[in-house]
Amino acid sequence: MLLYRFPEALCVKLVQPFLVASKEIGGLGLSTTEAGFINGTVGVIGLLLGGIAGGVAIAKWGLKRMLYPSFGMKDGKEEDYKEDSKITEETPQIKEMISPAEE
């Protein structure tokens with residue numbers, strides 16, 4: 001958990017030379033004023049919008065569910081898993097595959 005922002009920290013240091021490097025060597029060729037505008041204004045707007053969107057998502061679905069979105073983890077309620085995977089009594093073949101009957 002301590003290193004989750006480590007890749008971002010490395011990228012932040014590498015973005016500045018990329019923004020101001022000339023196009024001939026693979027950069028964007030921006031002036032320092034344009035690079036500052038991108039980092040300052042656009043960055044702050046993105047930070048604010050991301051914070052608002054994250055707050056709305058946490059208010060709607062809860063913090064625990066939002067912390068693990070890529071893993072599909074939930075709070076462990078069986079009803080949530082059944083609802084998400086659409087397993088119902090109408091699909092007995094799938095239900096048997098998931099929980100086979102004991103012989």
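This briefing describes how two helices meet in a predicted model and what form the second one takes. Residues are numbered from 1 along each chain as its sequence is written. Local features need pLDDT of at least 70 and side-chain atom pairs count only at pLDDT 80 or more, while totals for chains, interfaces and linings use all residues, and side-chain values use heavy atoms, without hydrogens and water.

**The helix pair**
- The axes (lines fitted to C-alpha atoms over the stretch in contact, with angles from 0 to 180 degrees between N-to-C directions) of helix H1, residues 6-20, and helix H2, residues 32-61, come within 9 Å and cross at roughly 140°.
- Gln16, Leu19 and Val20 of H1 make the contact (heavy atoms within 4.5 Å) with Thr32, Ala35 and Asn39 of H2.

**Helix H2**
- H2 (helices being DSSP runs of H or I, at least four residues, numbered from the N terminus) bends by about 30° at glycine 43, the bend being the angle between axes fitted to the seven residues ending there and the seven starting there.
- Glycine 62, with a positive phi near 95°, follows H2.

Methods:
Helices (H or I, at least four residues) and strands (E, at least two) are DSSP runs, numbered from the N terminus.
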